Amino acid sequence: MNFKFLMPLAAGIFPFMAYAVGDVSGLVVNKDTKTPMDFVTVQLLDASTGKPLPIGTNTDEKGSFTIKNVKDGKYIVKITNIGSHPQECLVEVKGGNANIGTVMLLDDNKMLEEVVVEGIRSQMRFELDRKVFTVDANVTAAGQSASELLESIPSIEVDQDGEVSLRGNSSVTVWINGKESGLTADNRAQILEQIPAETIDRIEVITNPSAKYSPEGTAGIINIVLKKNRKAGYYGSAEISANSRGGGNVGANINVNSSKWDAFAGVGFRMRHNKGGSKMDREFADGTFTRSEGESPNHGNGLFFRLGATYHLTDKDDFYATGFGMFGHNWGRSSTLYTSNVPDNWMRNFDISRNRGDHRGMHAELGYIHKWSDNHSLDINAAYNRWGGPNWRSYSQEITYPNHEEDLYQEQNMDMSTNSWEAKVDYTNQITEWLKMEAGFNGNYSHEDTPTDTYTGTSQADMTQNEKLYNRFIYNNYVSALYATLGGKVKNFSFSAGLRGESWQVRTRSLAFGETEHEVPEFKKNNFALFPSAFVSWSLPRDNEMQINFTRRLRRPWGGQLNSFRDISDPTNISYGNPELQPTYSNAFELNYIKSWTFHMISVSAYLRTSTDMMNRISYLDDGVMYTTWANVADQTNSGCEIVMKNSLFKSRLDLTTTVNLYNNHISAWDYDFLAESGHVVPLHGDKQNSFAWSARMMANVRLPWSLSLQATGNYNSKRLSAQGSNQGGWSVDLGMRKNFGPWSVSLNCRDLFDSRKWKSTTNGPDYTQYNERWRGGRTVRLTVKFSFGNMKAKPGKNDSGEPMDQSGYGEGGMQ
């Protein structure tokens with residue numbers, strides 16, 4: 001990456017650094033007791049229009065507040081606090097600081113008698129490098145899992161296997177509380193299925209993360225932030241739900257905070273029952289075929305818990321410990337009937353598959369924060385993750401040939417075990433009023449050990465261990481990174497540039513029956529790469545903002561993609577990994593425009609992403625059996641435009657959030673030769689492809705009298721091409737309703753109202769075409785009852801999610 005272009009940019013910036021900016025400060029006290037009030041919300045409004053500006057802060061323990069770097073002009077300072085009457089005062093910033101003096105708030109006795117003040121918050125807000133979605137504002141989220149909740153987020157898709165994609169790209173990283181937390185491509189779907197949506201505060205979508213964050217995932221990062229409120233006193237909630245498929249949730253959360261301690265805890269039990277199914281039609285060039293139809297009911301239950309505490313040793317030093325974990329069990333049964341008229345092959349194959357497994361895991365974290373000031377801090381933390389559990393599968397086949405019948409039976413036992421350590425050191429320093437530096441170290445060191453044992457026979461009674469199908473896969477991945485970013489704001493211009501250096505070592509062993517680690521040579525790969533990022537933002541007159549950014553990212557192959565072991569669970573489709581798989585690198589550019597009015601907002605994002613050596617699933621036929629593996633084939637260029645519109649209509653009774661994604665996908669021509677199981681080479685070829693696709697999602701929130709809220713969400717995805725075929729389009733509609741009764745709320749929602757969530761795909765190969773259709777879940781009606789309790793006093797210096805508010809005057813578009 002050539003950084004010479006940054007030199008003239010920096011030369012142009014420095015002359016502006018001498019411009020003066022003003023601070024707005026003051027003191028807030030209780031009118032009756034005359035005592036300082038902490039954590040009071042202070043926000044600036046445009047004096048000419050009365051429109052709220054995205055600039056504010058909170059009062060500290062002494063009741064004082066300061067909003068820094070406010071440009072010249074007239075403003076209204078609005079001061080609000082739960083349980084108090086709001087106050088407003090006029091202030092003018094003109095070439096210096098402005099102090100509004102002491103503001104006295106009068107208690108609102110009616111509000112103080114209420115345990116909970118609950119309304120519909122804005123579901124989505126914009127920050128410099130991310131979109132933030134508030135879960136409490138989503139009516140249909142009641143009783144859902146994290147996986148189901150993600151399906152309601154614009155630009156995010158979740159397929160029938162629980163795999164997550166962003167803007168049509170499955171190379172996306174999912175975090176919990178800003179860390180990987182042990183989530184991998186192997187266990188992510190299972191973990192997200194067990195996390196109750198009630199425990200989630202917000203979901204952050206970062207399509208072009210800066211150098212501060214891991215470059216893993218070419219599509220970006222989805223960060224799931226669990227609730228961790230920090231208001232003084234105690235409060236919490238309890239929730240119970242049931243759905244039309246016999247599943248349900250029950251859970252409780254509590255926060256207990258004081259001047260020295262912040263503590264939280266939560267527990268939830270989730271039970272699910274789903275019914276899925278599949279269809280497959282493989283047509284050969286000579287007119288023969290292989291077809292299948294199946295159904296697959298599946299069930300599960302799990303206990304999810306979280307807890308944590310922060311000890312405020314001094315005003316500048318905090319120690320914290322947090323953790324979450326889960327224990328659960330799942331089981332299912334699928335029955336599939338295959339038919340075929342391929343010569344010298346079976347005519348009918350009836351397959352019954354059963355599975356059961358336990359999933360258990362935990363994430364534990366310890367940390368220390370030292371603050372020299374609000375804008376100068378050091379955060380050190382270390383975390384340990386452990387996920388896994390035993391899994392069992394059985395496969396019973398009744399095979400009919402033209403002249404005879406045959407019964408086959410097999411069982412597979414897989415004991416997954418993944419352990420990892422994470423370490424982070426983050427240093428932040430607001431060097432001057434216009435310049436901010438961030439630097440740090442990230443380390444992630446993971447170990448996976450997954451033995452698989454297979455037994456075969458004609459029935460369970462005569463099965464014996466099949467030594468040829470035994471596999472023990474050992475996978476180690478060690479990632480170490482250093483990063484530094486420099487950014488700031490000069491009047492209406494914000495900038496940030498950063499560089500991240502990562503080294504990672506991959507070590508794998510695939511052991512056959514009877515082999516030990518010392519007998520099998522370790523497969524080794526050592527890598528190092530640099531990942532730059534750059535962000536520039538302009539705040540234009542009349543609430544217009546422009547942003548442009550660039551990042552370099554990658555997609556590393558995960559354990560299952562590297563394991564050469566062959567999965568024979570489906571007799572017509574055998575899959576295996578490729579230890580020679582290489583990472584995919586991508587360069588991403590985005591140009592964003594945001595325009596806001598009092599009750600309306602529009603955001604337009606144009607993006608371009610180029611990727612080399614794409615990792616794709618490749619299929620080929622050998623002796624009538626379909627084999628599927630991974631390979632680096634083709635380069636890819638994705639370009640598109642994302643349009644987000646938010647409209648508040650009819651005196652804010654109706655809120656509409658509409659997202660439209662338009663994207664073009666170009667895949668280069670490619671050739672690849674496979675050494676098949678039979679020993680001969682299978683040549684594969686793909687022509688270059690250009691495809692246009694689009695998706696749209698609209699969410700409508702209606703606020704009615706009687707504390708009643710309604711929500712409807714519609715979603716549509718068009719057809720998209722892949723390296724060997726296409727994924728068909730689909731649509732769905734969700735409905736929800738919530739009624740508040742003081743501290744009680746009742747929610748009724750329907751997921752997939754028209755039972756239309758299905759995943760369809762087509763695969764093209766030499767002399768054949770295959771169509772697949774799969775579905776799970778279907779229409780589900782859910783009833784949820786929630787009770788909230790506690791007091792509503794405040795804790796200094798933090799917002800509801802425990803994160804520092806923006807006190808710089810940048811607003812939501814400023815440096816974070």
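A polar contact here is a pair of N or O atoms within 3.5 Å, and residues adjacent in sequence count only if both atoms are side-chain atoms. The side chains of Asp 201 and Arg 202 make such a contact at 3.0 Å. Keep in mind that this is a predicted model. Asp 201 sits in strand S13, which covers residues 200–206, and is buried, with a relative accessible area of 7%.

**The chain as a whole**

The chain has 816 residues, 52% of which count as buried. Its secondary structure comes to five helices and 47 strands. Among contacts between residues at least 6 apart in sequence, 66% join residues at least 24 apart. The accessible surface comes to about 35,800 Å², and carbon and sulfur atoms hold 57% of that.

**Nonpolar cores and a surface patch**

Let us look at the interior next. The largest nonpolar core has 32 residues, and those touching the most other members are Leu 150, Ile 156, Val 164, Leu 192, Ile 195, Ile 200 and Ile 222. Elements that each supply at least two residues of this core include helix H3 (146–150), helix H4 (188–194), S13 and strand S19 (317–340). Apart from this core lies another, of 20 residues, among them Val 24, Leu 44, Ile 55 and Val 77. Leaving aside residues up to four places away in sequence, Ile 200 has contacts that include Val 135, Ala 146, Leu 149 and Ile 195.

There is also a nonpolar patch on the surface, formed by Ile 240, Val 250, Val 267, Phe 269, Met 271, Leu 303 and Phe 327, with about 580 Å² of accessible area together. Strand S17 (residues 261–284) gives the most to the patch, with three residues. Phe 269 lies in that strand and counts as partly exposed, at 35% relative accessibility.

**Salt bridges**

The whole structure contains 29 salt bridges. Three of them are set out below.

| Pair | Distance, N to O |
|---|---|
| Arg 556 and Glu 216 | 2.9 Å |
| Arg 291 and Glu 283 | 3.0 Å |
| Arg 500 and Glu 502 | 2.9 Å |

Arg 556 lies in the loop between strand S28 (544–555) and helix H5 (559–562), and Glu 216 in the loop between S13 and S14, so their salt bridge ties together parts that are 340 residues apart in sequence. Arg 556 is buried at 10% relative accessible area, and Glu 216 is buried at 15%. Arg 500 and Glu 502 are both buried as well. By contrast, Arg 291 is partly exposed at 33%, and Glu 283 is partly exposed at 30%. Finally, salt bridges that share partners join Glu 148, Glu 193, Arg 270, Arg 272, Arg 776 and Arg 782 into one network.

Note on methods. Residues numbered from 1 in each chain as written. Predicted model: local features only at pLDDT ≥ 70, side-chain atom pairs only at ≥ 80, totals over all residues. Heavy atoms only, no water. Helix = DSSP H or I, 4+ residues; strand = E, 2+ residues; numbered from the N terminus. Buried < 20%, exposed > 50% of the residue type's maximum accessible area, 1.4 Å probe, protein only. Polar contact = N/O pair within 3.5 Å; in protein donor to acceptor, adjacent residues only side chain to side chain. Core = buried A, V, L, I, M, F, W, Y, C linked by side-chain atoms within 4.5 Å. Contact = heavy atoms within 4.5 Å. Patch = residues over 30% accessible without salt bridge, like charges linked within 9 Å, V, L, I, M, F, W, Y side chains within 5 Å. Areas by Shrake-Rupley, 256 points an atom, 1.4 Å probe, with all protein chains shown as cover. Salt bridge = Lys/Arg side-chain N within 4 Å of Asp/Glu carboxyl O.
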